[in-house]
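Subject: Structure handover and notes

Hello,

Here is the structure you were waiting for, with the sequence. My notes follow below it.

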Amino acid sequence: MSVRISQDGQYLAVACETKVVTVWCTKTWTLLYTHSLVKRPMAIAITSDSATLLVADKSGDVYHLPLKGCKPDYDQASLSEQKNDEEGNTKMEEKPLLGHLSMLLDLAITEDSKYIITCDRDEKIRISHFPNSYNIQAFCLGHEEFVTQVDLLPKNKQFIVSCSGDGTLRLWNYVKGECVACMDTREHTAPLLHHYEKYIQQKIEESEEARRFLPDYPAVKSFTLYSDSSDEHLIAALVDRIPAVFLYKIEGTKFKYISTKELDAEPRVVSWLLSRELIVLQEEEEQPVCVLEFVDNNLHRVAEHALESLGKKQNHLFTVGHDGLNLDVLYKQRYDNVADYKKKKEERLAMEQAVKDGLIPAVKKGRWSK
């Protein structure tokens, strides 16, 4: 599920796994618009003028839908084209704004709505002009696995942050396509890596094929940003299958590790409040909501917080489960072709030696063989 609110605060857009995007009015909380998609939506974004909704789907395409007034404008050929079905009814068929050759995992748009930022399963981050998305500004290349999330720095819009299945966080000057900083999380996840190793062992026991695609270290699946100034940003990062929140800081153009807060269960979603409090939605039935406060470079549990009380009383509303995207399917299978080649070569040399020693008769391979 992906949720976005417009900058003017009037619209809330929700993309569900049921291939439906809904738009709600935040003043009356009434449903204004429902749109059915052909493919499952992976991420959504809203332009700064609250006029257009961008939807990235599983097939790698990005569509743009009119948001203001929540009524499609049939005169805008760039948004959609009008067709008649077999019964003569008029229907709208959206045209993709841009497309990748791989599954899209996240989407963002700059504050001035000049660039669309998309990331995919093939390690790429693409910077495209909006609305003329055929004009590509740059590619941000450097990740070695799928890119799970991209986001603009809140108070320094010339940089974006990304996280990936290669276990790294990266800071980019996206207009130039340059990586200016990289933070490898593997050193910080090492004390808690036994949680991930236990999961890997279970997958291998179920099927030996898991060895071909699951790495020895977990992916950074998501993060959330908080900023007091343009020079310092806090990053709370989540790592796949690890029950903890990892805290980092961006100072200028450099990453700095701060601390790790271990939790009772694996966190699914995190989000900062303006008061430097971090809301954590975790995989626990009795206490699905956890609130942490950032004090003295550490995250501390907030006792008797109103949101935690709400989570306890209405825990059925916060049940997350494993309904989201399983990151295991994003890893590409690895084949050791060199090992197979060396094995066949050793067998061939052993066969030739056995023929020379007279242990086995020579075998003619063709009509021209001597």
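How many residues lie between β12 and β13 in the hairpin that they form? There are four, and E123 in that turn has a positive phi of about 70°. Please keep in mind that this is a predicted model.

Overall make-up

The protein chain contains four helices and 26 strands. Of its 370 residues, 47% are buried. If one takes the contacts between residues at least 6 apart in sequence, 43% of them join residues at least 24 apart. The chain exposes about 20,300 Å², and 49% of that area is supplied by carbon and sulfur atoms.

Strand β13 and its two partners

Strand β13 covers residues 125-129. On one side it pairs with β12 (residues 115-120) in the antiparallel sense, over five bridges. It also pairs with β14 (residues 136-140), again antiparallel, over four bridges. The connection from β13 to β14 is a hairpin too, with six residues in it.

I125 is a useful residue for finding your way here: C119 stands opposite it, and I125 also stands opposite C140 in β14.

Side chains leave β13 in two directions. I125, I127 and H129 point one way, R126 and S128 point the other way, and all are buried. Since five of the five residues of β13 are buried, the strand is largely enclosed by the rest of the structure.

The sheet β15 to β18

Further along, four strands form an open antiparallel sheet in the order β15-β16-β17-β18. β15 (147-152) and β18 (178-184) are the edge strands; each has a single partner strand, so one side of each is left without a neighbour in the sheet. From one strand to the next, the twist averages 20°.

Within this sheet, β16 (residues 159-164) and β17 (residues 168-173) run antiparallel and are joined by five bridges. V161 stands opposite L171 in β17.

A nonpolar patch on the surface

M351, V355, L359 and I360 form a nonpolar patch on the surface, and their accessible area together is about 360 Å². One of these residues, L359, is found in the segment after α4 (337-356). Is L359 buried or exposed? L359 has a relative accessible area of 65%, and because the cut-off for exposed is over 50%, it counts as exposed.

Regards

Note on methods. Residues are numbered from 1 along each chain as its sequence is written. This is a predicted model: local features need pLDDT of at least 70, side-chain atom pairs count only at pLDDT 80 or more; totals for chains, interfaces and linings use all residues. Side-chain values use heavy atoms; hydrogens and water are left out. Patches are made of residues with over 30% relative accessible area and no salt bridge: like charges are joined within 9 Å, nonpolar side chains (Val, Leu, Ile, Met, Phe, Trp, Tyr) within 5 Å. Accessible areas come from the Shrake-Rupley method with a 1.4 Å probe; for residues, only the protein chains shown count as cover. A salt bridge is a side-chain nitrogen of Lys or Arg within 4 Å of a carboxyl oxygen of Asp or Glu. Buried means under 20% relative accessible area, exposed over 50%, partly exposed in between (1.4 Å probe, protein chains only). Contact means heavy atoms within 4.5 Å. Two strands pair if DSSP finds at least two bridges between them. Axes are lines fitted to C-alpha atoms, for helices over the stretch in contact, and angles run from 0 to 180 degrees between N-to-C directions.
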